[in-house]
Amino acid sequence: MTDSTQSASKTYKKKMPILWWTKRTSYLLFITRELTSLAVAYFAIILLFLIRALSQGQEAYNEFIALLKSPTVMLLSMIALCGLIFHSVTWFNLAPKAMVIKVGKRRVPDVLIVLANYAGWLVISVVIGWFLLSI
Amino acid sequence: MKFHAEPFWWSLFGAGGAISALVLPVLLVFFGIAMPFGWVDVPSYEYLHQLVEPLMVRLILLAIISLSLFHWAHRFRFTLYDGFQLHRINLLIAIICYGSAVVITVYTAYSLWNF
């Protein structure tokens with residue numbers, strides 16, 4: 001009896017409506033977080049374009065800068081920045097759930113791991129910003 | 001030993017999630033917002049070229065771009081699978097997502113090698 005119910009539950013797939021994630025705010029936040037991966041991919045491609053332009057020469061670089069200044073790309077970049085920041089914040093806040101760090105036998109408190117992530121984010125941003133601004 | 005694909009893709013997803021969360025926002029603020037709006041000067045071609053040229057910087061850029069793409073591939077695959085209930089074409093989605101991450105990684109490595 002138990003066996004048959006177990007095997008039945010293994011093959012049972014609940015039919016979900018395709019828009020199930022619009023039902024609750026928490027579901028919407030979940031799907032938004034998942035969709036931030038599009039912003040990550042978008043900007044990875046932009047970085048690849050930058051590298052291509054730099055390796056091709058001054059003219060290609062100028063064209064790339066003009067592309068970044070086009071209204072469509074600027075709009076996409078602004079949307080992507082919202083996505084990237086949402087990605088960073090949700091990623092860092094979940095970090096203690098993904099990694100348990102122990103010092104001796106004591107577990108490092110979650111809040112310290114989160115703060116360390118934000119500190120790392122700040123330091124890396126300042127270093128990269130400094131390189132880009134010291135022309 | 002049987003090779004399990006899921007932990008492998010997850011580790012790339014995790015590494016990409018971390019590296020993209022740490023480095024991409026500042027780069028997007030600079031190249032996507034501050035520079036187009038004219039808040040900062042456009043870096044000269046020569047300056048950026050010499051900044052990217054060292055092998056170490058090129059390797060870091062490859063890691064950033066590639067891992068970010070694998071992060072996208074894994075997460076977007078499950079967005080389509082769980083979010084949009086596309087269970088029937090699961091394999092096709094996986095091949096397209098991971099496949100494009102692999103192809104663009106190879107192209108990025110090639111571009112950086114010939115920089």
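In this predicted model, the side chains of A:E34 and A:R33 meet in a salt bridge, with 3.0 Å from N to O. A:E34 is buried, its relative accessible area being 8%, whereas A:R33 is partly exposed at 22% relative accessibility. A:E34 also takes part in a salt bridge with B:R75, where the closest N and O atoms are 3.5 Å apart. Salt bridges with shared partners thus connect A:R33, A:E34 and B:R75 in one network.

**Salt bridges**

Over all chains, the count comes to four salt bridges. Between chain B and chain A, the count is one. Side chains of opposite charge can pair when their charged atoms come close. The table lists the pairs with their N to O distances.

| Pair | N to O distance |
|---|---|
| A:E34 and A:R33 | 3.0 Å |
| A:D110 and A:R107 | 3.4 Å |
| B:E6 and B:R77 | 3.5 Å |
| B:R75 and A:E34 | 3.5 Å |

In the pair formed by A:D110 and A:R107, A:D110 is partly exposed, with a relative accessible area of 33%. A:R107 is likewise partly exposed, with a value of 46%.

The side chains of B:E6 and B:R77 meet in a salt bridge within chain B. B:E6 belongs to helix 1 of chain B and B:R77 to helix 3 of chain B, so this pair ties together parts that are 71 residues apart in sequence. B:E6 counts as partly exposed at 37% relative accessibility, while B:R77 is buried, with a relative accessible area of 10%.

**The interface of chain B and chain A**

The contact takes 53 residues from chain B and 53 residues from chain A. Together the two chains bury about 5100 Å², of which 78% lies on carbon and sulfur atoms. Three residues, B:L28, B:Y45 and B:R75, supply 14% of the area that chain B buries against chain A, more than any other three residues. B:R75 is also the chain B partner of A:E34 in the salt bridge described above.

Across this interface, 14 residue pairs are in polar contact, both residues being at pLDDT 80 or more. On the side of chain B that touches chain A, the elements giving two or more residues are helix 1 (5-34), helix 2 (45-52), helix 3 (55-83) and helix 4 (90-113) of chain B. Helix 1 of chain B provides the largest share of that side, 18 residues. Sorted by class, the side of chain B that touches chain A holds 36 nonpolar, 13 polar and four charged residues.

**Helix 2 of chain B**

The buried residues of helix 2 of chain B are B:Y45, B:Y47, B:L48, B:H49 and B:V52. One of them, B:Y45, is named among the three residues that supply 14% of the area buried by chain B against chain A. In chain A, these buried residues of helix 2 of chain B pack against helix 2 (25-56), helix 3 (58-68) and helix 5. In chain B, they pack against helix 1 and helix 3.

**B:S111 in helix 4 of chain B**

B:S111 is found in helix 4 of chain B. It is buried, with a relative accessible area of 1%. A polar atom of the B:S111 side chain lies 2.9 Å from the backbone oxygen of B:Y107. Leaving aside residues up to four places away in sequence, B:S111 touches A:L48, A:I51 and A:R52.

**Aromatic residues**

The count comes to 17 aromatic pairs over all chains. In one of these, the rings of A:Y118 and A:W121 have centres 6.1 Å apart and planes at 50°, so the pair is tilted; planes count as stacked under 30 degrees and as edge-to-face over 60. Both A:Y118 and A:W121 lie in helix 5 (residues 110-133) of chain A, three residues apart, which is about one turn of the helix. A:Y118 is partly exposed, with a relative accessible area of 26%, whereas A:W121 counts as buried at 16% relative accessibility. In chain B, one aromatic cluster is formed by B:F8, B:W9, B:F70 and B:Y98.

Definitions and conventions: Residues numbered from 1 in each chain as written. Chains lettered and ligands numbered in written order. Predicted model: local features only at pLDDT ≥ 70, side-chain atom pairs only at ≥ 80, totals over all residues. Heavy atoms only, no water. Contact = heavy atoms within 4.5 Å. Buried area = accessible area lost by both parts, 1.4 Å probe. Polar contact = N/O pair within 3.5 Å; in protein donor to acceptor, adjacent residues only side chain to side chain. Helix = DSSP H or I, 4+ residues; strand = E, 2+ residues; numbered from the N terminus. Nonpolar A, V, L, I, M, F, W, Y, C, P; charged D, E, K, R; others polar. Phe/Tyr/Trp six-rings, centres within 6.5 Å; stacked < 30°, edge-to-face > 60°. Buried < 20%, exposed > 50% of the residue type's maximum accessible area, 1.4 Å probe, protein only.
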